[in-house]
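Let's take a walk through this structure together. Keep the sequence and the 3D view open while you read.

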Amino acid sequence: MSRGPRLDRRVPDSATADAHAPAVLRPLDAVALGAAFEREAPVLLAAARAITFDAVEAEDLVQTTFELALRNVHQLRDPGALRSWLLTIQTREAFRLIRRLRRSFGWRGAVIEIPVAHVSTADSLAIRDALRGLPPRMRAAIVLHHMAGLTVPQVARALDRSENTIRSQLRIGLQRLREALRDD
């Protein structure tokens, strides 16, 4: 009596697992990822601050992102997509955190200043306030696309939404930002 194909439930040893990992990441996973993470940390921190509006939680998110990246580095197939991969991890963790804090404490996030390159402090505060008025996922789409430089497909993967949804959120979000900034 055949029950179909048998699944091999054995855990692969490290030599076998390393043989399937990208060559760039094999023996120096933690070191290579640590160096790359240092380069990407400012972008991750700015994105986390813009999504959570809480400086302390943003720093914790960056740390959590690094820990998760170290544990899951074997899932990174294209080392050139590291920034997108890290921002995807961080964004998903940010939304988990926001949901957990809202359920537990009714948290809405603290006010912080979001640094915007080549913009005066007054304009930066106006942009922050306008961003704050957007729904969280729309704000995240705008931050990831326009501030962190991810493409629409990368933002769609990070937010687990379709590309068309992201395009709509970007279009509507920018329209709302323009209206809010025009009113100021």
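## Salt bridges and beyond

Counting by the usual distance rule, there are 4 salt bridges here. Keep in mind that you're looking at a predicted model. The idea behind such pairs is simple: side chains of opposite charge can pair when their charged atoms come close.

Start with Glu40 and Arg83, whose side chains meet in a salt bridge with N to O at 2.5 Å. Glu40 sits in helix α2 (residues 29-52) and Arg83 in helix α4 (residues 82-105), so this pair ties together parts that are 43 residues apart in sequence. What about their surroundings? Glu40 counts as buried, because its relative accessibility is 13% and the cut-off for buried is under 20%. Arg83, at 33% relative accessibility, counts as partly exposed.

Next, look for Glu59, which forms a salt bridge with Arg49; their closest N and O atoms are 4.0 Å apart. Glu59 belongs to helix α3 (residues 55-71) and Arg49 to helix α2, so here the tied parts are 10 residues apart in sequence. Glu59 is partly exposed, with a relative accessible area of 45%, and Arg49 is partly exposed too, with 23%.

Now jump to Arg167 and Glu163, another salt bridge, with the closest N and O atoms 3.3 Å apart. These two sit 4 residues apart in helix α8, so about one helical turn separates them. That fits a general pattern: an α-helix has 3.6 residues a turn, so residues three or four places apart point the same way. Arg167 is partly exposed, with a relative accessible area of 42%, and Glu163 counts as partly exposed at 34% relative accessibility.

Let's step back and look at the whole chain. Its secondary structure comes to 8 helices and 0 strands, so, reading from the N terminus, you simply meet α-α-α-α-α-α-α-α. Of the 184 residues in the protein chain, 39% are buried. Take the contacts between residues at least 6 apart in sequence: 64% of them join residues at least 24 apart. As for the outside, the accessible surface of the protein chain comes to about 11,200 Å², and 53% of that belongs to carbon and sulfur atoms.

Back to helices α2 and α3, because there's something else to find there. How many aromatic pairs does a search of the whole structure find? The search turns up 1 aromatic pair. The rings of Phe37 and Phe66 have their centres 4.5 Å apart and their planes at 45 degrees, so the pair is tilted. Phe37 is in helix α2 and Phe66 in helix α3, 29 residues apart, and the pair links distant parts of the chain. Both Phe37 and Phe66 are buried.

Now move along to helix α6 (residues 136-147). Its buried residues are Met138, Arg139, Ala140, Ala141, Ile142, Val143 and Leu144. After α6 comes Gly149, which has a positive phi, near 80 degrees. Further on, in the loop between α7 (152-159) and α8, you'll find Asp160. The phi of Asp160 is near 55 degrees, a positive value in a residue other than glycine. Asp160 is exposed, with a relative accessible area of 59%.

That brings us to helix α8 itself, residues 163-183. How far apart should the ends of its 21 residues be? At 1.5 Å a residue, the helix should span 30 Å, and its end C-alpha atoms are indeed 30 Å apart, which agrees. Which residues of α8 are buried? They are Ile166, Gln169, Leu170, Gly173 and Leu177. Seen down the axis of α8, these buried residues fall within an arc of 100 degrees, so they line one face of the helix. Turn the view around: the face of α8 pointing away from its buried side carries the exposed residues Asn164, Arg171, Arg178, Arg182 and Asp183.

Finally, zoom in on Gln169, which has its place in helix α8. Gln169 counts as buried, at 15% relative accessibility. Which residues does Gln169 touch, not counting residues up to four places away in sequence? The answer is Arg137, Met138 and Ala141. Met138 and Ala141 are among the buried residues of helix α6.

Methods
Residues are numbered from 1 along each chain as its sequence is written. This is a predicted model: local features need pLDDT of at least 70, side-chain atom pairs count only at pLDDT 80 or more; totals for chains, interfaces and linings use all residues. Side-chain values use heavy atoms; hydrogens and water are left out. The expected span of a helix is 1.5 Å times one less than its number of residues. Buried means under 20% relative accessible area, exposed over 50%, partly exposed in between (1.4 Å probe, protein chains only). The arc is that of the directions from the helix axis to the C-beta atoms. Contact means heavy atoms within 4.5 Å. Accessible areas come from the Shrake-Rupley method with a 1.4 Å probe; for residues, only the protein chains shown count as cover. Rings of Phe, Tyr and Trp (its six-membered ring) pair if their centres lie within 6.5 Å; planes under 30 degrees apart count as stacked, over 60 as edge-to-face and the rest as tilted.
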